[in-house]
Amino acid sequence: MKPTPAAAAGDSRSPLAARQLTALVVARATSCAGFFAVLPYLGLWLVDDQGFSGGSAGLVVGASILANRAGAVLLIPLIHRLGLKASVLTGYLGAVVVFAVLGLGLTLPVPGWLVLAALVGLFLAMSTTAMKASVAALPAEQRLRGFSYLNMAVNAGSAVGPVIGGQLLDWHASRLPLAAAVLHLVALAAVPGLPGGWRACEPPRPVADGGRHRWLPQRPFVVFALLACGTWVAYAQVMDVLPAYLGDAVEARDLGLVFTLNAVMVVALQVPMSWLSRRVLNAPRGGFGVLWAAAGAVLAASVLLFALGRSAGLALVLVAMTLFTLSELVWSPLYDARISERRGTLSAPAAYALAGVASGAAESAGAWLGTALVVHRSGSGALPAAAPYWAAAALALLTGLAMSGGRRLSSNTPRDVHEGEGNDHDVDMSARA
């Protein structure tokens with residue numbers, strides 16, 4: 001089979017080495033730890049230490065989250081110009097600078113804080129998008145493994161970060177942004193070990209229309225991104241709405257245990273679950289559709305158990321979180337790997353930036369609607385409090401069924417044949433090429 005230009009250049013198409021995996025995990029975990037050391041407490045810190053009103057503090061927090069979720073779309077040309085590894089480095093370096101400025105104790109008006117918070121989100125969106133694109137450039141049999149390690153790193157960082165932030169908030173609140181800056185310095189130090197080279201990344205792929213480049217996403221990518229929104233809505237009911245839904249039914253301390261269980265399971269089980277997923281993907285009766293449908297069914301079952309947890313108590317909620325995490329261990333890395341397979345003529349950074357907008361919008365909409373129904377409607381009797389969970393379970397199940405119809409390609413199908421036709425490869429392309 002003819003080597004791709006990336007392979008000829010000797011970049012991240014080479015097999016994923018142990019040092020590269022280590023660099024991926026260290027960079028992603030420490031960056032997430034730095035971000036989540038600040039984000040959960042940012043609104044409280046701005047109100048208590050900076051004298052902001054609740055509304056102003058909420059605007060600052062919202063600006064950071066929005067930029068982090070969707071800001072990479074604005075940075076696609078810059079990522080193309082700089083290259084993937086240089087973009088990761090630039091993003092982490094920018095985060096270090098902004099967090100350091102936040103830690104100087106400057107007295108700024110609300111617009112100044114909005115700009116700094118948005119800059120943090122943009123810099124981190126840039127590094128995350130470029131890092132995912134570098135993993136997407138790996139051979140098909142390595143891609144799912146790389147995204148599995150990234151998922152493990154995200155959960156490790158998001159579990160450790162709030163603990164660091166909570167301790168600093170009690171001890172010395174002004175050190176909170178400086179701690180985030182230090183953690184991002186560690187991430188910055190790991191960048192040279194990441195997969196790929198320092199060259200500018202590839203432009204959008206040419207299509208057979210006179211050699212022009214195509215920037216708009218093609219149908220396979222759009223269909224997949226929209227279908228996956230059902231999974232993200234279900235995800236939001238657990239990760240974003242659950243505290244409001246459970247209310248006084250589960251104590252805050254026990255609820256912390258529930259979310260800790262999720263993080264610990266991901267860190268402990270992501271690697272073996274990734275190995276199992278690859279076995280299913282390559283099995284004669286397996287494939288992407290079978291695996292996603294199974295994950296969707298488990299996700300739906302977990303969401304239904306969460307709905308019952310309000311009356312059944314902590315034990316059932318822990319069972320529900322166990323099932324939810326087992327599902328997440330499958331669909332989360334599979335989702336990132338599938339984006340690469342469905343991106344068609346889009347460059348990898350563009351594909352992950354656009355997918356980030358879709359998933360972020362779906363999660364935000366699910367969190368907003370779920371919270372609104374749980375908090376405002378359940379007391380009036382207009383709708384049962386569990387209604388968002390019933391709907392989310394149905395969405396997860398329907399998404400799995402819709403994904404199960406995906407086409408599977410043989411491992412010996414030449415890649416070049418499909419490059420201009422939407423890149424319909426499945427992540428279940430066998431490693432036995």
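Here is a short chat about the salt bridges in this predicted model.

Colleague: How many salt bridges does a search of the whole structure find?

Modeller: The pairs that count have a Lys or Arg side-chain nitrogen within 4 Å of an Asp or Glu carboxyl oxygen. With the whole structure searched, the number of salt bridges found is three.

Colleague: Which residue forms a salt bridge with R69, and is that partner buried or exposed?

Modeller: R69 sits in helix α3 (residues 54–70), and its partner is in helix α14 (residues 348–377), 294 residues apart. The closest N and O atoms are 2.4 Å apart. R69 itself is partly exposed, with a relative accessible area of 34%. The cut-off for buried is under 20%, and the partner comes in at 7% relative accessibility, so the residue you want is E363, and E363 is buried.

Colleague: What about K132: why does K132 count as partly exposed?

Modeller: K132 meets D336 in a salt bridge, 3.3 Å from N to O. The pair ties together helix α6 (residues 110–136), where K132 lies, and helix α13 (residues 314–342), home of D336. D336 is buried, with a relative accessible area of 10%. Partly exposed runs from 20% to 50%, so K132 gets that label because its relative accessibility is 22%.

Colleague: And R143 with E341: how many residues apart in sequence are the parts they tie together?

Modeller: These two form a salt bridge with the closest N and O atoms 1.7 Å apart, and both R143 and E341 are buried. R143 lies in helix α7 (residues 140–171) and E341 in helix α13, so the pair ties together parts whose separation in sequence is 198 residues.

Methods
Residues are numbered from 1 along each chain as its sequence is written. This is a predicted model: local features need pLDDT of at least 70, side-chain atom pairs count only at pLDDT 80 or more; totals for chains, interfaces and linings use all residues. Side-chain values use heavy atoms; hydrogens and water are left out. Helices (H or I, at least four residues) and strands (E, at least two) are DSSP runs, numbered from the N terminus. Buried means under 20% relative accessible area, exposed over 50%, partly exposed in between (1.4 Å probe, protein chains only).
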